[in-house]
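Got the viewer open? Load the model, switch to cartoon and keep the selection box handy.

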Amino acid sequence: RALGFNIGNSQTPIVPIIIGDDMKTIFTWKALFESGVFVNPVLPPGVPPNKSLLRTSYMATHTDAQLDRMLEIFAAVGKEMGLIS
């Protein structure tokens, strides 16, 4: 949320990154994957039309260094895709 992503009201270890547009969701998923971050894209009919998202999940076994790196990648890809400024 602090980076500027829409995560809805999530307060669980499964955090959606709500993008909306199907193709932008796929392109963002691919860019994250190629940068070393695995997330699950969720497209209709798994979500309502225009509500496509990336499903992220976190575990207690993730290190601070791993989470910091993931946030760096999310920031870079989010800016590249025009999702955040």
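Which residue of strand 3 is the bridge partner of Ile17? Select Leu54 and you have found it: Leu54 in strand 3 is paired with Ile17. Before going on, keep in mind that this is a predicted model.

**Stop 1: along the strand pair**

Colour residues 52-57, which are strand 3, and then strand 1, residues 14-20. The two run antiparallel and share six bridges. You can walk along the pairing by clicking residues: Val15 has Thr56 as its bridge partner in strand 3, and Gly20 has Ser52. Ile17 with Leu54 is another pair to show on the way.

Now switch to a surface view of strand 1. Is strand 1 mostly covered or mostly open? It is mostly covered, with five of its seven residues buried.

**Stop 2: the whole sheet**

Add residues 40-42, strand 2. Strand 2 also pairs with strand 3 in the antiparallel sense, this time over three bridges. Pick Asn40 and look across to strand 3, where Arg55 stands opposite.

With the three strands on screen, you have an open, antiparallel sheet in the order 1-3-2. Strand 1 and strand 2 are the edges; each has a single partner strand, so one side of each has no neighbour in the sheet. Turn the view to look across the strands and you'll catch the twist, which averages 25° from one strand to the next.

Next, select residues 22-34, helix 1. This helix packs on the sheet and touches strand 1, strand 2 and strand 3. Its direction makes about 30° with that of strand 3.

**Stop 3: the nonpolar core**

Show side chains for Ile17, Leu32, Val37 and Phe74. These are the residues with the most contacts inside the largest nonpolar core, which has 16 residues. Strand 1, helix 1 and helix 2 (64-80) each supply at least two of the core residues. Which element gives the most? That's helix 2, with four residues.

Centre on Phe74 and list what it touches beyond its neighbours within four places in sequence. You should get Leu3, Phe5, Ile17, Leu32, Val37, Val39, Thr56 and Ile84.

Then hop to Ile73, also in helix 2. Ile73 has 7% relative accessibility, so it counts as buried; the cut-off for that is under 20%. Leaving out residues up to four places away in sequence, Ile73 touches Leu32, Ser35 and Val37. Try a distance label from Ile73 to Ser35: the C-alpha atoms are 6.9 Å apart, although the two residues are separated by 38 residues in sequence.

**Stop 4: the largest pocket**

Rolling a probe the size of a water molecule over the atoms shows where empty space is left. Here, the largest pocket holds about 270 Å³ of space. To get to it, select Val37, Phe38, Ser57, His62 and Met70, the closest to the pocket's centre of the 15 residues that line it.

Which elements give two or more residues to this lining? Strand 3 and helix 2 do. Helix 2 gives the most, with five residues. So leave helix 2 coloured as you finish: helix 2 is the top contributor to the largest nonpolar core and to the lining of the largest pocket.

How values were computed. Residues numbered from 1 in each chain as written. Predicted model: local features only at pLDDT ≥ 70, side-chain atom pairs only at ≥ 80, totals over all residues. Heavy atoms only, no water. Pairing = 2+ DSSP bridges. Axes fitted to C-alpha atoms, helices over the stretch in contact; angles between N-to-C directions. Contact = heavy atoms within 4.5 Å. Core = buried A, V, L, I, M, F, W, Y, C linked by side-chain atoms within 4.5 Å. Buried < 20%, exposed > 50% of the residue type's maximum accessible area, 1.4 Å probe, protein only. 1 Å grid on protein atoms, 1.4 Å probe; cavity = no way out; pocket = protein on both sides within 12 Å on 5 of 7 lines; lining within 4 Å. Points joined across faces, edges and corners; volume = space filled by probe spheres on them.
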